[in-house]
Amino acid sequence: MSGPGEKGGPEKPAKSEQPAKSEQPANLAKSAKPSGDGAATAVAGASGSEVPAWRAIMQGLGPRGLGLRIGAPILALLISLLITMVLLRVTGADPFSSITSMVDYGTTDNSLVDIINRATRYYLSAVAVAIGFRMALLNIGVDGQYRLAAMLSAALGGALTLPAPIGQFLVIVAAMLIGGLWAAIAGVLKVTRGVSEVLSTIMLNAIATGLIAYLLNDQRLAEVRPGSNNVATAPIPEAGRVGPFNDVLTALFSGPGLALILVGGSAVIIYSVHRRQAVSNPGRGATPGLVLGAVGAVLFVAVTALVVAPTLADLPGQVYGLLPLAAVVGIVFWVVINHTRFGFDLKISGLSPTAAQASGVSARRMVVITMVASGAVAGLIGMPELLGASYEYSLNFPAGLGFTGITVALLGRNHPAGIALAALLFAFLDQTSDVLQEVDVPKEIVGVMQGVVVLTVVIVYELVRRWEIRLQQRTVADELATGHDLAREAS
């Protein structure tokens, strides 16, 4: 068949110069840079509407300016500290002496070890939740996923005697598989039957609790500990355990290791800040980014050399040997989400399934993959405690870490660095809650303080984000009204 132009009639205007409406989201998705803000910009441009506040909070979309990114959480923490002091005064306590007692107790050597170990578990839990958040999926079932994975992998590790590191590797992989498969149930139910992942994961938590209670019995996978009512899986053999990380910390934060960290960290900070400034403000040159990066590098060197290194190089207690595992998980999460095609597809599927479908991304497939990835990371939550301290799953195994991870992920804005700081803050508050009783303050006030911190940070961060967007819109409107940019381009 011949086309319309071959019939010799008058040719129609070149309508094909502009892409069809159905192709615009695809072109935007394919041409956008796979970065954190790129996905939001692409989808916002395709839909012509701003990202809703609740979705922005879940997916960690915040201010784009570096100063606002740093200043907003600092302002929020100051406000939350003020509110906390008011609450302490209302309860009849002296807020200054209470906070001083918490700081004094939390900075002792033994408390620092406990804070680091708690923060390691909170960090893994928050990353597992954040993976779902980046696709607007509420994985409430992290708690059941990690407890079931820890119990079954502990039973497996206690039943086998394998040389290191095969034994540790087998237990860790088994935990990831169990967590991923348990989370996959919610993903499959969502894409096949339309079941909300919130409801299904809550029910899966209850099922996991019942399943653990059934299996953790001396007639099945556990045994009664002599002289107590506690039941536990068989202890993991010596070859399957992971030793403390203290010797490595001492080597890292003293001598040549410390010098390498200071130089490498400073270089990374200067390059990152310079690159961000060059992308966001291409017309200002390299000087502002280099100066700001140098300031950040000086602060990093001062804090690391004067505070962090002397503290971590000589800790009295045993730090979890799987502490590096949490760091690796955070780095992989950041790289995959921000610098891979998979991460871009995941974010754009959460922001706009329609745009993702138009660009050739199966949102249904991404839902299942995201839930499996979240569950696999959730399976790692219990590993530092299992392989580094308890060596068995018992009735005393830490519970409730999945729900703490939700608040830590929200507080850290789903960013690995923010999650690390939030995990340390929550671990500090939990560790110092006991000392409040000595100053006649109920320890439950710590839960209120954690809630105040999360709400304040979320609200302030969102307000600053909206203010920045309105400021940008007003600036663009003023420039369009005056023709400022057009005149500059013409010249």
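A residue counts as buried when its relative accessible area is under 20%, as exposed when that area is over 50%, and as partly exposed in between. The structure on display is a predicted model, and the tour below applies these terms at several of its stops.

**First stop: helix H7**

Please select Arg 147. With a relative accessible area of 10%, Arg 147 is buried, because the limit for that class is under 20%. Now add Asp 143 to the selection. Asp 143 is buried as well, at a relative accessible area of 5%. The two residues form a salt bridge, in which the closest N and O atoms are 3.0 Å apart. Both belong to helix H7, which covers residues 142–159. They are four residues apart, or about one turn of the helix.

**Second stop: a nonpolar patch on the surface**

Continue to Leu 156, Leu 160, Leu 162, Ile 166 and Leu 170, and display them together with the molecular surface. These residues form a nonpolar patch on the surface, and their accessible area together is about 350 Å². Leu 170 may then be selected on its own. Leu 170 lies in helix H8, which comprises residues 166–193. Its relative accessibility is 32%, so Leu 170 counts as partly exposed.

**Third stop: Lys 190 and Glu 197**

Select Lys 190 next, together with Glu 197. A salt bridge joins Lys 190 to Glu 197, with 3.0 Å between the closest N and O atoms. Are the two partners buried or exposed to some degree? Lys 190 is partly exposed at 28% relative accessibility, whereas Glu 197 is buried, with a relative accessible area of 7%.

**Fourth stop: a network of salt bridges**

Select Glu 223, Arg 225 and Glu 392. A network of salt bridges links these residues. Within this group, the side chains of Glu 223 and Arg 225 meet at 2.9 Å, N to O. Glu 223 is partly exposed, having a relative accessible area of 34%, while Arg 225 is buried at 16%. Over the whole structure, a search finds seven salt bridges.

**Fifth stop: charges over rings**

Which ring lies beneath the charged end of Arg 220? Select Arg 220 with Tyr 214: the charged end of the arginine sits over the ring of Tyr 214, 3.8 Å from the ring centre. Then select Arg 241 and Tyr 391. Here the charged end of Arg 241 sits over the ring of Tyr 391, at 4.0 Å from its centre. As for aromatic rings paired with each other, a search of the whole structure finds one such pair.

**Sixth stop: helix H12**

Val 308 is to be found in helix H12, which spans residues 287–312. At 28% relative accessibility, Val 308 counts as partly exposed. Add Phe 253 to the selection and draw a line between the C-alpha atoms. Val 308 and Phe 253 are 55 residues apart in sequence, and their C-alpha atoms are 8.2 Å apart in space.

**Last stop: helix H14**

Finally, select Lys 347, whose place is in helix H14, residues 341–351. Lys 347 is buried, with a relative accessible area of 3%. What does the side chain of Lys 347 reach? It reaches the backbone oxygen of Ile 337, at a distance of 3.2 Å.

How values were computed: Residues numbered from 1 in each chain as written. Predicted model: local features only at pLDDT ≥ 70, side-chain atom pairs only at ≥ 80, totals over all residues. Heavy atoms only, no water. Patch = residues over 30% accessible without salt bridge, like charges linked within 9 Å, V, L, I, M, F, W, Y side chains within 5 Å. Areas by Shrake-Rupley, 256 points an atom, 1.4 Å probe, with all protein chains shown as cover. Salt bridge = Lys/Arg side-chain N within 4 Å of Asp/Glu carboxyl O. Helix = DSSP H or I, 4+ residues; strand = E, 2+ residues; numbered from the N terminus. Buried < 20%, exposed > 50% of the residue type's maximum accessible area, 1.4 Å probe, protein only. Phe/Tyr/Trp six-rings, centres within 6.5 Å; stacked < 30°, edge-to-face > 60°. Lys NZ or Arg CZ within 6 Å of the ring centre and 35° of its normal. Polar contact = N/O pair within 3.5 Å; in protein donor to acceptor, adjacent residues only side chain to side chain.
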